[in-house]
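Open the model in your viewer and get ready to click along. We will go from the whole chain to single residues, one selection at a time.

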Amino acid sequence: MSSPDLTPQEAARWALHAGHPLDEAQHAAVAATAQQIQAVIATLRELDFGDTHPAANYHAASEAVDGTL
């Protein structure tokens, strides 16, 4: 599922709604950053973590440099 691109005006409106008014010069940069974050999150949602143990089960000291236990 893809979402439509966030326009600079929408980014400014969301920022103002969150209590962070932006200068007009920042609108496009904030919109581009938000779109990049959305793309990364969409990619992460597509990953299959079915065989991955929860982070609470991970112990860094017990793992070898090559990733074996």
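Here is a tour of the chain, its helices and a few of its residues. Keep in mind that this is a predicted model.

**Stop 1: the whole chain**

Start with a cartoon view of everything. How many helices and strands does the chain have? You should find two helices and zero strands. Now switch on the surface: the accessible area comes to about 6200 Å², and carbon and sulfur atoms account for 59% of that area. Of the 69 residues, 9% count as buried.

**Stop 2: the two helices**

Select residues 8-17, which make up helix α1, and then residues 27-46, which make up helix α2. Two packed helices can be described by the angle between their axes and by the distance between those axes. Here α1 and α2 pack at an angle of about 90 degrees, and their axes are 8 Å apart. Because of that angle, α1 counts as roughly perpendicular to α2.

Which residues meet where the helices pack? Show the side chains of Pro-8, Ala-11 and Ala-12 on the α1 side. Across from them, in α2, are His-27, Ala-28, Val-30 and Ala-31.

**Stop 3: His-27**

Stay in helix α2 and pick His-27. Is His-27 buried or exposed? His-27 counts as buried, because its relative accessibility is 17% and the cut-off for buried is under 20%. Leaving out residues up to four places away in sequence, His-27 touches Pro-8, Ala-11, Ala-12 and Leu-22.

**Stop 4: Ala-15**

Go back to helix α1 and select Ala-15. Ala-15 is another buried residue, with a relative accessibility of 12%. Setting aside neighbours within four places in sequence, the contacts of Ala-15 are His-20, Pro-21 and Leu-22. Leu-22 should look familiar, as His-27 touches it too. Next, try the distance tool from Ala-15 to Val-30: their C-alpha atoms are separated by 8.9 Å, and the two residues are 15 residues apart along the chain.

**Stop 5: Ala-34**

Return to helix α2 and choose Ala-34. With a relative accessibility of 22%, Ala-34 counts as partly exposed. Add Leu-6 to your selection. Ala-34 and Leu-6 are 28 residues apart along the chain, while their C-alpha atoms are separated by 7.5 Å.

**Stop 6: a patch on the surface**

For the last stop, turn the surface back on and colour Val-40, Leu-44, Leu-47 and Phe-49. These residues form a nonpolar patch on the surface, with about 380 Å² of accessible area together. Click on Val-40, which lies in helix α2. Val-40 is partly exposed, with a relative accessible area of 41%.

Methods
Residues are numbered from 1 along each chain as its sequence is written. This is a predicted model: local features need pLDDT of at least 70, side-chain atom pairs count only at pLDDT 80 or more; totals for chains, interfaces and linings use all residues. Side-chain values use heavy atoms; hydrogens and water are left out. Helices (H or I, at least four residues) and strands (E, at least two) are DSSP runs, numbered from the N terminus. Buried means under 20% relative accessible area, exposed over 50%, partly exposed in between (1.4 Å probe, protein chains only). Accessible areas come from the Shrake-Rupley method with a 1.4 Å probe; for residues, only the protein chains shown count as cover. Patches are made of residues with over 30% relative accessible area and no salt bridge: like charges are joined within 9 Å, nonpolar side chains (Val, Leu, Ile, Met, Phe, Trp, Tyr) within 5 Å. A salt bridge is a side-chain nitrogen of Lys or Arg within 4 Å of a carboxyl oxygen of Asp or Glu. Contact means heavy atoms within 4.5 Å. Axes are lines fitted to C-alpha atoms, for helices over the stretch in contact, and angles run from 0 to 180 degrees between N-to-C directions. Angles under 35 degrees count as roughly parallel, over 145 as roughly antiparallel, 65 to 115 as roughly perpendicular and the rest as oblique.
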